[in-house]
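Here are a few short exercises to work through with the model open beside you. Try each one before reading its solution.

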Amino acid sequence: SSTILILCRDKARQPIPAMTTSGTCKSFNLSKGFGFIADTEGKEHFFHKNDVTGKQPNVGDQLTFTVENSANKPGQTCAKNVTGGTMGGDLEGECKWYDETKGYGFINYQGESYFMHVTNIKD
């Protein structure tokens, strides 16, 4: 098997090998779009909702992800290619507002307001 290295913009940081690992979702704030995953060794990794494939995670979900150097915080890692989330389903919210020209808007759900883009709308 071969090792894939993640290239860093900052040459002072050494790339770490990309590897798939697993862990538990410790926190996830859907309205802010980020959370943390604790790997099997207890180390926590930041993740952003844009790095999730499939459903967003619920706290306690067992997730699979790759670990990479953080582009924003030198010396820290983040989770990418996050899978295994169980959030979602047939939830209904109230459209707060939607701009058809721009293709986005906000939905109110359980007292929170959530951003939504036209590409997230399914029939």
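Partly exposed means a relative accessible area between the buried class, under 20%, and the exposed class, over 50%. Please keep in mind that this is a predicted model.

**Exercise 1.** Classify histidine 48 by its accessibility and describe its surroundings.

*Solution.* Start with the location: histidine 48 lies in strand S3. Its relative accessibility is 27%, so histidine 48 counts as partly exposed. Next, look for neighbours: leaving aside residues up to four places away in sequence, histidine 48 touches Gly33 and Phe34. Finally, a polar atom of the histidine 48 side chain lies 3.0 Å from the backbone nitrogen of asparagine 50.

**Exercise 2.** Find the salt bridge and say which parts of the chain it links.

*Solution.* A search of the whole structure gives 1 salt bridge. The partners are the side chains of aspartate 51 and lysine 80, at 3.4 Å from N to O. Aspartate 51 sits in the loop between strands S3 and S4, while lysine 80 belongs to strand S5, 29 residues apart. With 23% relative accessibility, lysine 80 is partly exposed.

**Exercise 3.** Is the ring pair of phenylalanine 28 and phenylalanine 47 stacked or edge-to-face?

*Solution.* The structure holds 8 aromatic pairs. In this one the centres are 5.4 Å apart and the planes differ by 15 degrees, so the pair is stacked. Phenylalanine 28 is in strand S1 and phenylalanine 47 in strand S3, 19 residues apart. Now check burial: phenylalanine 28 is buried at 14% relative accessible area, and phenylalanine 47 is buried at 0%.

Technical notes
Residues numbered from 1 in each chain as written. Predicted model: local features only at pLDDT ≥ 70, side-chain atom pairs only at ≥ 80, totals over all residues. Heavy atoms only, no water. Salt bridge = Lys/Arg side-chain N within 4 Å of Asp/Glu carboxyl O. Helix = DSSP H or I, 4+ residues; strand = E, 2+ residues; numbered from the N terminus. Buried < 20%, exposed > 50% of the residue type's maximum accessible area, 1.4 Å probe, protein only. Contact = heavy atoms within 4.5 Å. Polar contact = N/O pair within 3.5 Å; in protein donor to acceptor, adjacent residues only side chain to side chain. Phe/Tyr/Trp six-rings, centres within 6.5 Å; stacked < 30°, edge-to-face > 60°.
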